[in-house]
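Hi everyone, thanks for coming. I'd like to walk you through one protein chain, so please have the sequence and the model open as we go.

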Amino acid sequence: MTSPLNGRPLDLLDDGDGSRRKPQTSAATGASAAGIRAFISQFIAFYFRAPIKAFFRTRVDYMAYARAINPRIQAGEGWSWRVTSLGVLAHAVKEHGWGFIPKQVLPPMVANVTVGAVLYTSYLQALGLIHEPSSRSTRRVFPPAPISYTFGAGFMAGTVQSLVAAPLDALTVRFQTADMLEGRYTSMWQYAKHKLREIGPRGVFSGWTLSFLKDSFGAAVFFSSFEYIKSQAYYGFVTRYYGSYESIFSYDEGRPVIRPHYMLEPMFLLGAGVGASIAQHAVQHPLAEIQNIHFGRLESLDYAAKLERRRGVMRLYYHAYKETFEQCKRQSKLAGGWRNWLYRGFFMNTIRQVPSTSAGLIVFEVVRRKYALDSEATRIEKDGYDILLK
């Protein structure tokens with residue numbers, strides 16, 4: 001697919017000054033976007049008083065243990081600041097000291113930010129490999145990458161994310177707050193080390209097929225939707241809208257120039273974040289319903305795998321997927337059909353997810369431009385004049 005716009009990408013010229021995007025730059029952009037996404041998710045949870053994963057599907061819920069030891073949460077008290085995430089954390093610190101944060105909260109928080117950084121960084125690197133102009137450190141890529149390229153780059157980034165996140169998924173689904181309350185583990189660091197050694201690589205990648213499908217296709221739709229609305233839709237709107245103008249705002253080297261209103265691009269950027277969040281959730285929500293059922297049987301699967309001989313392990317995992325599908329069929333019948341079951345709760349979960357995801361994407365784009373090299377403005381040629389984009 002090629003861009004329908006006819007333009008001169010003046011800011012894409014390589015003059016040998018090392019303008020190709022550096023891996024460190026992509027990593028800084030990815031970490032910034034992942035960090036702000038996790039922070040906004042926590043900020044929203046303060047108002048809604050619900051598990052953080054209801055707003056942004058973090059790989060590890062870093063407030064799970066703090067809620068488990070909070071008497072107000074366990075008693076089901078009504079809303080007050082004491083049952084918000086901030087209040088729950090304050091209670092945990094009061095009871096267990098400031099060491100509670102580095103031992104119980106910081107490990108899963110770092111894990112969540114790391115997984116997000118891997119996703120954004122992998123996307124930038126993958127897109128640069130398949131679309132050469134995107135590998136350059138310029139503030140604007142014009143013509144933009146076709147949607148097939150951004151979809152492919154997002155798919156690759158989601159695949160990498162699913163591999164990196166596999167240990168976190170394995171730890172999350174096997175986590176029991178009772179183990180922490182009984183003193184079996186003194187910190188999340190100790191729990192992770194012990195549990196990973198116990199289940200081994202086979203247990204880590206149990207159910208990875210579903211994670212792969214959810215992460216790869218979700219990221220592909222996520223980034224391709226964002227890039228299409230942010231770039232192709234914006235450029236197309238500017239070309240059509242200003243192409244009907246008869247008045248010219250200024251002249252540059254004797255050629256008439258139109259400069260679009262400065263608020264247009266931020267509006268499209270915000271719309272791109274919202275649209276990408278909704279599109280991603282439409283893909284990941286039904287797969288998450290199936291994944292939850294499959295993950296629910298992993299503890300028993302771990303025990304059965306220890307009893308099986310090596311030759312029978314693959315058969316065991318194959319039957320686990322088969323049993324998951326049968327259970328999904330029963331659940332869908334009770335809910336009145338596959339669509340009703342797979343998309344139950346979709347609307348509210350999507351509304352709760354949109355703010356943090358949109359904020360993360362906006363920061364992702366802002367930081368990407370911040371680390372770009374200064375370059376000339378992009379000009380779109382239109383009927384004898386130029387549309388100038390800073």
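Let me begin with a question: is Glu289 buried or exposed? Glu289 is buried, because its relative accessible area is 12%, and the cut-off for buried is under 20%.

Before we go on, please remember that this is a predicted model. The average pLDDT over the chain is 75, and 71% of the residues reach at least 70. Confidence peaks in helix 13, residues 338–342, with a mean of 93, and is lowest in strand 1, residues 7–8, with a mean of 41. Two stretches to watch are residues 1–18, where pLDDT stays under 50, and residues 41–57, where pLDDT also stays under 50. Where pLDDT is low, the coordinates should not be read in detail.

Now the overall picture. You can find 14 helices and five strands in the chain. There are 390 residues, and 49% of them are buried. If we take contacts between residues at least 6 apart in sequence, 77% of those join residues at least 24 apart.

Back to Glu289, since this residue has a partner. Its side chain meets that of Arg344 in a salt bridge, 3.4 Å from N to O. Glu289 sits in helix 10 and Arg344 in the loop between helix 13 and helix 14, so the pair ties together parts that are 55 residues apart in sequence. Arg344 has a relative accessibility of 43%, so this partner counts as partly exposed.

How many salt bridges are there in the count? The count is three. Another one joins Glu227 and Lys230, with the closest N and O atoms 3.3 Å apart. These two are about one helical turn from each other, because they are three residues apart in helix 9. Both Glu227 and Lys230 are buried. Then we have Glu198 and Lys195, at 3.8 Å between the closest N and O atoms. Both belong to helix 8, residues 188–204, again three residues apart. Lys195 is buried, at 6% relative accessibility, whereas Glu198 is partly exposed, at 35%.

Let's turn to the nonpolar side chains. In soluble globular proteins, such side chains tend to be buried together. Here the largest nonpolar core has 18 residues, and those touching the most other members include Tyr120, Phe222 and Leu361. Helices 5, 6, 9, 10 and 14 each supply at least two residues of this core. Which helix gives the most? That is helix 5, with six residues. Apart from this core lies another, of 15 residues, among them Tyr62 and Val105. For a close-up, look at Phe223: beyond its neighbours within four places in sequence, Phe223 is in contact with Leu119, Tyr120, Tyr123, Thr150 and Gly154.

On the surface, there is a nonpolar patch made of Leu129, Ile130, Tyr149 and Met156, with about 390 Å² of accessible area together. Helix 5 and helix 6 each give two or more residues to this patch. Ile130 counts as partly exposed, at 34% relative accessibility.

My last stop is helix 14, residues 346–370, where you'll find Pro355. Pro355 is partly exposed, at 38%, and its C-alpha is 8.7 Å from that of Gly273, although the two are 82 residues apart in sequence. Thr350 is in helix 14 too, but Thr350 is buried, at 6%. Beyond four places in sequence, Thr350 touches Ile278 and His281.

Thanks for listening!

Notes:
Residues are numbered from 1 along each chain as its sequence is written. This is a predicted model: local features need pLDDT of at least 70, side-chain atom pairs count only at pLDDT 80 or more; totals for chains, interfaces and linings use all residues. Side-chain values use heavy atoms; hydrogens and water are left out. Patches are made of residues with over 30% relative accessible area and no salt bridge: like charges are joined within 9 Å, nonpolar side chains (Val, Leu, Ile, Met, Phe, Trp, Tyr) within 5 Å. Accessible areas come from the Shrake-Rupley method with a 1.4 Å probe; for residues, only the protein chains shown count as cover. A salt bridge is a side-chain nitrogen of Lys or Arg within 4 Å of a carboxyl oxygen of Asp or Glu. Helices (H or I, at least four residues) and strands (E, at least two) are DSSP runs, numbered from the N terminus. Buried means under 20% relative accessible area, exposed over 50%, partly exposed in between (1.4 Å probe, protein chains only). pLDDT is the predictor's confidence in each residue, from 0 to 100. Contact means heavy atoms within 4.5 Å. A nonpolar core is a set of buried Ala, Val, Leu, Ile, Met, Phe, Trp, Tyr and Cys residues joined through side-chain atoms within 4.5 Å.
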